[in-house]
Amino acid sequence: MGQPESRDHRAPQESELPPGQRLQRGWPVTHYGPVPKFKPDRWEFRVFGATADGEKHCWNHEEFSALPFTTVVGDLHCVTKFSMLGAEWGGVSARTVVELAPPSPAVTHVMVWAEYGFSANLRLADFTAERTVFATHKDGEPLTAEHGFPLRLVVPQLYAWKGPKWVRGVEYMTADRRGFWEERGYHNLGDPWKEQRYSYQEEPGDGPEL
């Protein structure tokens with residue numbers, strides 16, 4: 001995977017903030033639980049579940065790092081109401097993963113799995129969106145451990161909890177299933193522009209019953 005170059009980004013504007021959000025100049029560290037210790041010889045990225053060929057697909061850290069590197073510019077909107085605008089994320093596009101390990105035609109959702117059994121569910125359309133990326137870098141610099149090194153998912157169009165830190169794999173699903181925070185009162189879809197923060201705001205069809 002090639003090394004990214006730093007570049008200047010557009011100046012953030014308050015008008016770009018979703019409802020209820022405030023502009024954040026820095027990048028606060030927010031997560032649940034301890035920061036895992038990275039062990040490259042034991043690290044593995046898996047794609048499993050309803051794959052097109054019925055097989056599990058795996059990459060070790062060296063193999064995953066050799067996949068095509070891409071950069072996207074995308075905002076990060078935290079459900080705690082801060083937004084970081086115009087960041088450049090570098091890593092492996094979710095579309096690349098889908099091309100290498102295609103889902104079955106029946107797949108509608110994915111579960112993204114991370115260290116300690118943490119999970120986040122996504123609609124397949126959100127997972128395969130153009131700017132969804134398994135990030136290894138931000139603004140040309142490698143992620144720190146506190147911010148998700150060696151791998152975090154970034155889904156700019158959704159609240160940031162939908163993009164877990166310390167990702168280890170993706171499960172293809174033929175029906176929706178709630179992830180860690182979605183089981184604990186967060187909205188199943190998580191669209192910041194619709195301010196979909198909590199499960200009590202859900203409408204029929206937004207997700208499985210709690």
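**Arg152, the largest cavity and backbone exceptions**

Pro150 sits in the loop between strand S9 (141-142) and S10. In this predicted model, the peptide bond that joins Phe149 to Pro150 is cis. Its omega is near 10 degrees. Most peptide bonds, by contrast, are trans.

Strand S10 spans residues 152-154 and includes Arg152. Arg152 is buried. Even so, Arg152 has no salt bridge. The nearest side chain of opposite charge belongs to Glu146, and it is 10 Å away. A salt bridge requires a distance within 4 Å, so the separation of 10 Å from Glu146 does not qualify. The side chain of Arg152 does reach a backbone atom. That atom is the oxygen of His147, at 2.9 Å.

The surroundings of Arg152 were then listed, leaving aside neighbours within four places in sequence. Contacts on the lower-numbered side include Trp27, Leu76, Val133, Phe134, Ala135, Leu143 and His147. Contacts at higher numbers include Gly163, Pro164, Lys165, Trp166 and Val167. His147 thus appears both in this list of contacts and as the owner of the backbone oxygen reached by the Arg152 side chain.

Arg152 also borders an enclosed space. A search of the whole structure finds 3 cavities of 30 Å³ or more. The largest cavity holds about 60 Å³ of space. Its lining comprises Asp75, Leu76, His77, Arg152, Leu153, Val154, Val155, Pro156, Leu158, Ala160 and Gly163. Strand S4 (70-77) supplies at least two of these lining residues, and so does S10. Leu76 and Gly163 are among the residues that line the cavity. Both are also in contact with Arg152.

Two further residues stand out for their backbone angles. Most residues other than glycine have a negative phi. Asp139 has a positive phi, near 50 degrees, and is not a glycine. Asp139 lies in the loop between strand S8 (133-138) and S9. Its relative accessibility is 23%, so Asp139 counts as partly exposed.

Trp166 is the other case. Its phi is positive, about 55 degrees, although Trp166 is not a glycine. Trp166 lies in the loop between S10 and strand S11 (167-173). At 7% relative accessibility, Trp166 counts as buried, because the limit for that class is under 20%. Trp166 is also one of the residues in contact with Arg152.

Notes
Residues numbered from 1 in each chain as written. Predicted model: local features only at pLDDT ≥ 70, side-chain atom pairs only at ≥ 80, totals over all residues. Heavy atoms only, no water. Helix = DSSP H or I, 4+ residues; strand = E, 2+ residues; numbered from the N terminus. Buried < 20%, exposed > 50% of the residue type's maximum accessible area, 1.4 Å probe, protein only. Lys, Arg positive; Asp, Glu negative; His and termini not counted. Polar contact = N/O pair within 3.5 Å; in protein donor to acceptor, adjacent residues only side chain to side chain. Contact = heavy atoms within 4.5 Å. 1 Å grid on protein atoms, 1.4 Å probe; cavity = no way out; pocket = protein on both sides within 12 Å on 5 of 7 lines; lining within 4 Å. Points joined across faces, edges and corners; volume = space filled by probe spheres on them.
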